[in-house]
Amino acid sequence: MAISKIWVVAEPTDSGLTTTTLELLSAARSLAGTVEAVTWGPNGAASATVAGEYGATVLHDVGDIGTSLPGAPVASAIAGAIAAGNGPDAILIPTSGDGRDIAGRLSAKCDLPVLTNITGLVGGDSLTTEHPVFGGTKIVSARFTGTGPGIFVVRAKSFAPEPSGGGAASVSPLAVGDLGNTNSSVVVSRHVEERTGPKLDEAPVVVSGGRGLGEASNYALIEELAKLLNGAPGASRAIVDAGWVPYANQVGQTGKTVKPDVYLACGISGATQHMVGMKGSKNIIAINKDADAPIFTVADLGIVGDVHKVLPALIEALKSR
Amino acid sequence: MNVVVCVKQIPDPAAPQSLEPGSNTLDRSGKLILDDSDAYGVEMALQLAEQAGGGEVTLVSMAPNGETAGLRTALAMGAAKAILVSDDALKGADALTTAKVLAAAISRAGADLVVAATESSDGYTGTTPVQVAEILGLPSITFAKAVSIDGSTVKVDRQTEAGYDEVTAPLPAVVTVTAGVVEPRYPSFKGIMAAKSKPVETLSLADLGLANNGGGQEITSVADAEARAAGEIVVDEGDGAQRIVSFLEQLKIV
């Protein structure tokens with residue numbers, strides 16, 4: 001079955017659509033003749049301009065979901081369109097908490113398989129997907145074999161966001177079906193953790209810390225160094241899980257994917273979980289006391305040493321310039 | 001309150017991993033252990049059951065060759081019993097097939113709350129728990145960094161890009177927890193001994209009235225990723241910081 005129409009799940013932000021959404025819309029244009037988007041939220045229609053600018057001709061709007069999580073209603077709306085014969089040939093979904101919720105529910109609802117952690121898509125009669133495994137040392141290619149639209153969950157920064165110059169997408173409401181009990185989760189309140197400086201996934205320099213820092217208070221060194229380099233502080237999952245820093249700082253499989261000019265890994269061993277999120281950085285510097293740490297396999301400059309000595313000396317050297 | 005925890009038994013991540021020739025799926029023929037990510041769910045479930053003042057924790061798992069090593073670890077932590085689905089027909093099963101199997105096992109156990117990890121440490125698919133929720137017609141809250149029970153409601157702090165959301169759902173519900181949500185206990189000697197005699201019910205697909213329809217996806221090839229050029233790795237002799245400064249200068253970052 002040739003791929004002629006792709007739907008992209010377009011995740012709304014306060015001011016438009018997520019960058020990953022724009023990346024997926026851009027990729028979809030090179031894979032299918034018709035690209036359409038599916039969004040939700042109180043201001044869904046306001047995204048018609050940006051969705052169109054990146055190539056969507058139609059914006060299917062699920063509408064305001066109130067205090068619901070997006071998973072159940074958005075999956076239900078897409079499933080309804082598929083059941084009615086109005087669905088696409090493929091559905092691209094950003095890798096995120098909500099994206100994976102939508103993908104999982106849609107998959108079960110339509111009895112369709114789902115492919116996740118995709119970092120590449122190759123067009124043709126069917127889409128071939130690429131997935132990094134074993135810390136990104138190998139790439140597995142896969143495809144769907146059955147009928148019905150494939151569900152593709154794609155990682156951030158897998159494609160470049162490029163505007164097509166298209167006009168605003170036409171907005172078309174997409175109805176939510178009967179959700180039964182599945183939609184009974186309620187978002188009671190939202191909490192925003194303040195951050196200053198450049199955004200982690202956009203900063204030209206990222207300085208990340210891991211377990212090797214020894215204790216939470218040493219993360220101040222990471223923040224100070226990041227500031228000196230006009231960069232953003234990042235973290236391995238280990239120290240986010242340990243409660244040292246907020247999840248927003250996490251780089252890796254379940255955190256942010258970053259591709260800065262320079263990535264400085266301090267006291268990070270380089271677990272698969274972490275490597276998948278930073279391996280695409282242009283230059284990688286690693287400081288770790290264990291010479292056998294996997295992080296050194298991807299480092300352009302590796303310092304086998306104690307972060308407690310190297311980091312303060314580095315901060316001092318940069319300050320004195 | 002009866003809590004069911006979905007646990008995965010995986011090849012030891014510390015050992016070299018390989019793909020099976022032919023199917024190109026992860027080789028699971030060797031020794032399997034409890035996925036570290038699942039220890040948090042097991043601990044969370046034990047604490048919630050204890051706080052509720054009654055009920056027990058049941059494990060459900062799908063693994064080849066009747067593997068129970070990882071289940072025994074979780075039983076030693078304090079879970080009461082386990083249901084293991086082991087069937088040659090499930091080799092290489094995709095996430096949705098796995099979810100159907102787990103959902104059937106959960107129905108058999110009966111659950112007020114289903115707990116799972118956000119994702120496994122070997123496959124990283126991260127959709128299975130939500131697929132389970134949809135199959136069972138239950139609400140779900142993923143990415144929990146704090147979980148509590150208030151009567152017949154589960155309250156969760158759900159990690160978000162910006163911070164976290166407070167989300168509630170009526171029980172029964174499916175919750176996925178991040179690592180770090182609680183500190184998993186180490187099994188005591190007494191726990192390890194007791195685990196040996198705790199019931200593990202091993203079922204086939206037919207026992208659950210299911211079949212594996214193949215999943216509808218296939219791996220077409222495996223290739224080496226483009227390797228990064230080897231870097232310069234040096235032992236710090238007091239000049240480490242200066243080497244980094246020089247490197248940053250070359251890149252015109254400083």
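In this predicted model, chain B meets chain A over a two-sided contact: 68 residues of chain B touch 74 residues of chain A. Several elements of chain B each give at least two residues to its side of the contact. Among them are the helices α3 (95–109), α4 (128–136) and α6 (240–250). Strands contribute too, including β7 (140–150), β9 (163–170) and β12 (217–224). By class, this side of chain B has 32 nonpolar, 24 polar and 12 charged residues.

**A sheet across the chains**

One open sheet holds 4 strands, in the order β8(A)-β9(A)-β10(A)-β12(B), with antiparallel pairing. The edges are β8 (120–122) of chain A and β12 of chain B. Each has a single partner strand, so one side of each lacks a neighbour in the sheet. On average, neighbouring strands are turned by 25 degrees against each other, direction ignored.

Two of the strand pairings look like this:

| Strand | Partner strand | Bridges | Sense | A residue pair |
|---|---|---|---|---|
| β8(A) | β9(A), residues 128–133 | 3 bridges | antiparallel | Gly120(A) opposite Glu130(A) |
| β10(A), residues 138–144 | β12(B) | 7 bridges | antiparallel | Arg143(A) with Glu218(B) |

The second row crosses from chain A to chain B.

**A buried residue in α6**

Helix α6 of chain B also includes Phe247(B). Is Phe247(B) buried or exposed? Phe247(B) counts as buried, because 20 C-beta neighbours lie inside 10 Å. Which residues does Phe247(B) contact, leaving aside neighbours within four places in sequence? They are Ile285(A) and Leu301(A), so named in chain A.

Conventions: Residues are numbered from 1 along each chain as its sequence is written. Chains are lettered from A and ligands numbered from 1 in the order in which they are written. This is a predicted model: local features need pLDDT of at least 70, side-chain atom pairs count only at pLDDT 80 or more; totals for chains, interfaces and linings use all residues. Two residues are in contact if their C-beta atoms, placed from the backbone, lie within 7 Å. Ala, Val, Leu, Ile, Met, Phe, Trp, Tyr, Cys and Pro count as nonpolar, Asp, Glu, Lys and Arg as charged, and the others, Gly among them, as polar. Two strands pair if DSSP finds at least two bridges between them. A residue is buried if 20 or more other C-beta atoms lie within 10 Å of its own, exposed if 12 or fewer, and partly exposed in between; C-beta atoms are placed from the backbone. Axes are lines fitted to C-alpha atoms, for helices over the stretch in contact, and angles run from 0 to 180 degrees between N-to-C directions.
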